[in-house]
Structure formats: C-alpha cells, structure tokens
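This report concerns a ligand and the residues around it. Please consult the sequence and the structure shown below.

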Amino acid sequence: MTTLTTAPLALLLDRLFKEAENATPATSPIVNSVPAEERARLMRSKTGYLDLYGHLKDLPLPISRETGTLLYMLARSGRARTIVEYGTSFGISTLHLAAALRDNGGGRLIGTEFEPSKVARARANLTAGGLIDLVEIRVGDALETLSVDLPDSIDLLLLDGHKALYPEILALVEKSLRPGAFIVADNADYSPEYLARVRSPANGYLSTPFGGDVEVSMRLG
Ligand SMILES: C[S@@+](CC[C@H](N)C(=O)[O-])C[C@H]1O[C@@H](n2cnc3c(N)ncnc32)[C@H](O)[C@@H]1O
C-alpha cells in the first residue's frame with residue numbers, strides 16, 4: 001500500500017485531475033484573448049512571463065497523471081528526503097512528491113509559486129491530502145526564492161514553472177544536487193538551452209526525453 005494510491009490522496013487526485021481536464025488553457029476565454037503567436041513568444045521569453053501566468057492564474061496546468069506516477073516512483077526509488085519544485089500551481093505534482101516523502105519516512109519539499117491565490121489552493125489541497133507538514137511553499141518569483149536558503153543536498157528537482165527560465169533555475173539549485181539526483185523537466189522543448197545543457201555529459205548530467213512531454217535527467221557524481 002502507498003500513500004499515493006490510498007485514501008485520502010487517491011480520491012483527491014482523481015478529483016483534481018478531473019477538474020483540470022475541464023479547465024485547460026484551450027477552453028479559457030482570457031487565454032484565447034491573447035493571440036496564439038504572442039502566447040508562443042511569451043512561452044519562450046525570459047521576460048514578460050508574469051503577464052502570461054497572470055492570464056493563467058485560475059488554471060491548474062498540472063503534470064499528466066503518468067508524470068505524477070513517474071515522480072512518485074523516482075522519489076521512492078531514489079529514497080528522496082529533500083525535493084525542490086519549481087512551479088507549484090494547485091499542488092498536484094506536489095501531492096505526488098510529498099506522498100513519496102511520506103512513504104520514504106519523511107523529508108522536506110520546497111515548492112515555489114508566485115500567484116498567491118494558487119499558493120492558497122495548493123496549501124488547501126496538501127492539507128486535504130494530509131501532507132502539508134512536509135511542504136514549504138515559497139511565495140514569489142522562484143528566481144529570488146530559490147536563490148537563498150537551499151538544503152545542502154537535494155535528491156530531486158521538478159522543473160514546471162516558466163519554461164524559458166529552466167536554465168536559470170537549474171543554475172541556482174545545481175550546486176546542491178547530490179550525485180544521482182533526478183531532475184524532471186516538464187515540456188522542456190520550450191527551452192532548447194536547457195536541453196543542450198542537460199544532454200551534454202560534459203556538464204555533469206545524463207538525460208533522456210521520456211513519455212513525450214518530460215526530460216528526465218540525472219546528476220552525475
Ligand atoms: C505548469 S504550472 C505548475 C503545475 C504543477 N507543477 C502541477 O503539476 O500541479 C506552472 C506554475 O508555475 C508558476 N510559475 C511560473 N513561473 C514562475 C516563477 N518564475 N516563479 C514562481 N512561480 C512560477 C505559475 O504561476 C504556474 O502556476
């Protein structure tokens with residue numbers, strides 16, 4: 001039995017994923033009021049992302065169910081105790097990772113989110129899932145909140161905030177990644193710069209695309 005697949009978390013995740021299916025960017029009038037080319041430009045831009053995510057602030061934008069299960073398994077198999085998450089939103093990925101921490105015997109997850117209303121929803125979901133005691137959500141731009149007070153050793157990093165900033169966020173966390181740490185980056189195709197970095201063993205990573213929408217990398221010793 002696992003925390004992920006039993007009450008209360010299993011039912012909570014079912015509900016949150018179903019709600020997310022009915023609230024996608026494709027069906028949002030606010031998102032659709034921004035021309036598609038402008039949205040594509042903003043996704044790749046290192047500035048102007050606050051506007052982009054302002055439009056998306058009522059949408060959960062979660063990882064897929066498959067990526068959630070993958071995160072849980074990687075955190076369990078790596079016996080993770082310390083996890084950093086860039087981009088928390090409503091906390092769906094956070095719930096998977098915190099469940100793994102619980103089943104590993106405890107630990108600490110640092111989440112990051114700049115939309116205060118999303119932080120409130122994530123905290124409520126983590127409370128409902130019985131996992132809030134394992135999670136600290138840093139409110140603000142992760143470029144700032146992850147630039148201070150990181151644990152000495154990090155076992156797993158999830159990258160799921162603004163994609164164009166993946167290289168900058170990795171650079172902030174890199175010195176704390178323990179050898180063997182996993183980095184899971186959702187929709188990393190939006191950041192060719194990030195992919196070039198982790199796909200070069202000379203930079204200290206082994207990396208592979210996985211499942212069509214994530215890049216799974218491992219920090220080398
Ligand atoms: C794709 S969603 C994250 C979904 C979440 N990981 C999940 O699976 O439930 C991206 C989130 O990152 C937040 N975000 C984007 N760039 C950020 C930044 N630089 N600092 C903090 N939060 C950021 C957005 O507000 C948005 O809620």
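## The ligand pocket

The ligand occupies the largest pocket. On a 1 Å grid over the protein atoms alone, a pocket is an open set of points with protein on both sides within 12 Å along at least five of seven lines; a molecule sits in one if more than half of its atoms lie within 2 Å of its grid points. Helix H4 (49-55) and H6 are the elements giving two or more residues to the shell around the ligand; helices are DSSP runs (H or I) of at least four residues, and strands (E) of at least two, numbered from the N terminus.

This is a predicted model, in which local features need pLDDT of at least 70, side-chain atom pairs count only at pLDDT 80 or more, and totals for chains, interfaces and linings use all residues. Residues are numbered from 1 along each chain as its sequence is written, and side-chain values use heavy atoms, with hydrogens and water left out.

## Polar contacts of the ligand

Polar contacts here are pairs of N or O atoms within 3.5 Å. A polar side-chain atom of glutamate 113 is 2.6 Å from a ligand oxygen atom, and one of aspartate 141 is 2.9 Å from a ligand nitrogen atom.

## Glycine 87

Glycine 87 is in the loop between strand E1 (82-86) and helix H6 (92-103). Glycine 87 counts as buried (under 20% relative accessible area, 1.4 Å probe, protein chains only) because its relative accessibility is 13%. Its C-alpha atom is separated by 5.4 Å from that of glutamate 113, 26 residues apart along the chain.

Terms used. Buried < 20%, exposed > 50% of the residue type's maximum accessible area, 1.4 Å probe, protein only. Polar contact = N/O pair within 3.5 Å; in protein donor to acceptor, adjacent residues only side chain to side chain. 1 Å grid on protein atoms, 1.4 Å probe; cavity = no way out; pocket = protein on both sides within 12 Å on 5 of 7 lines; lining within 4 Å.
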